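Could you walk me through this structure, please? I would like to follow how its parts fit together, and to know where to be careful.

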Amino acid sequence: MAVPFRPATTLLPSRASSPGRTVRKIALLGSHAASLRWCPWSDPSWELWAINDVFASGHIPRAEATFELHQHNELVKQGRRGQQYFDWLAKGVHPVYMADPQPGWPTASRFPFEKIRELFPRDYWTNSVAFVMALALIELTDVVAMPDGRTFRIAKPGAELGLW
């Protein structure tokens, strides 16, 4: 069965209609130093999507959205995110797409896991990068880049099997 390639959901408005903009480009940002060093920070033609707590850390100048796809109770139980991160979520700096948004986080909404699994039915979703990459594809993105070779190598098998 062929998977239809059309927008299934829209989380972020496409800026493709902006003056001088002809394609939609999204850079996925992880926390590895290479991801941050090679990111097109000063090029407004790129949308920057931060994965996990990289934007909240204060080390990057901009991001249009953050994707936190780990369960809140696991983050707290395992100590994977500190109180500073949860305080940042409460400020509502920009859209945050999450596994389970909590009350008091004004810009948080649930990530569309079900829609992605419906459009890409292979049951091999092993990491956040694969899910966020799938979302970029269904939003009719023209270019998806991950300026961090290390994270991409780690996430690549899950993305390949989940999407193809």
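In this predicted model, arginine 81 counts as buried because its relative accessibility is 10%, and buried means under 20%. The residue is found in the loop between helix H2 (72-78) and helix H3 (83-91). What does the side chain of arginine 81 meet there? One polar contact, of 2.9 Å, joins it to the side chain of glutamate 68, and another, of 3.5 Å, joins it to the side chain of asparagine 52. Leaving aside neighbours within four places in sequence, the residues in contact with arginine 81 are Asn52, Asp53, Glu68, His70, Leu75 and Phe86.

Phe86 leads us on to helix H3, where the buried residues are Tyr85, Phe86, Trp88 and Leu89. These four lie on the same side of H3, because the arc they cover around the axis is only 155°. On the other side of H3, you will find Gln83, Gln84 and Lys91 exposed. The cover over the buried residues of H3 includes E3, H2 and strand E4 (96-98). After H3 comes glycine 92, which has a positive phi, near 65°.

Now let us turn to the strands. E1 and E2 pair in the parallel sense, over 5 bridges, and E2 and E3 also run parallel, joined by 3 bridges. Alanine 50 is a handy place to see both pairings: this residue of E2 is the bridge partner of leucine 29, and its own bridge partner in E3 is threonine 66.

How many residues of E2 are buried? The count is 6 of its 6 residues, so E2 is mostly covered, given that buried means under 20% relative accessible area. In a regular strand, side chains alternate between the two faces of the sheet. In E2, Trp46, Leu48 and Ala50 point one way, while Glu47, Trp49 and Ile51 point the other way, and all are buried.

Trp49 brings us to the largest nonpolar core, which has 24 residues. Trp49, Phe67, Phe111 and Ile116 are the ones with the most contacts inside it. Two or more residues of this core come from each of strand E1 (25-29), strand E2 (46-51), strand E3 (65-68), helix H4 (113-119) and helix H5 (128-138). Which element gives the most? That is H5, with 9 residues. For a closer look, try isoleucine 116: leaving aside its neighbours within four places in sequence, its contacts are Phe111, Trp125, Phe131, Ala134, Leu135 and Ile138. Apart from this core lies another, of 20 residues, among them Ala27, Ala63, Tyr85 and Met98. In soluble globular proteins, nonpolar side chains tend to be buried together.

Finally, a word on confidence. The chain has an average pLDDT of 76, and 71% of its residues score at least 70. Among the elements, E4 has the highest mean pLDDT, 95, and helix H6 (residues 149-163) the lowest, 49. Over residues 13-18 the pLDDT is below 50, and beyond near neighbours in sequence this stretch has 12 contacts in the model. Residues 150-154 also have pLDDT below 50, and this stretch has 6 contacts beyond near neighbours in sequence. Where pLDDT is low, the predicted coordinates should not be read in detail.

Notes. Residues are numbered from 1 along each chain as its sequence is written. This is a predicted model: local features need pLDDT of at least 70, side-chain atom pairs count only at pLDDT 80 or more; totals for chains, interfaces and linings use all residues. Side-chain values use heavy atoms; hydrogens and water are left out. A nonpolar core is a set of buried Ala, Val, Leu, Ile, Met, Phe, Trp, Tyr and Cys residues joined through side-chain atoms within 4.5 Å. Buried means under 20% relative accessible area, exposed over 50%, partly exposed in between (1.4 Å probe, protein chains only). Contact means heavy atoms within 4.5 Å. Two strands pair if DSSP finds at least two bridges between them. A polar contact is a pair of N or O atoms within 3.5 Å; within protein, one must be able to donate a hydrogen and the other to accept it, and residues adjacent in sequence count only if both atoms are side-chain atoms. The arc is that of the directions from the helix axis to the C-beta atoms. pLDDT is the predictor's confidence in each residue, from 0 to 100.
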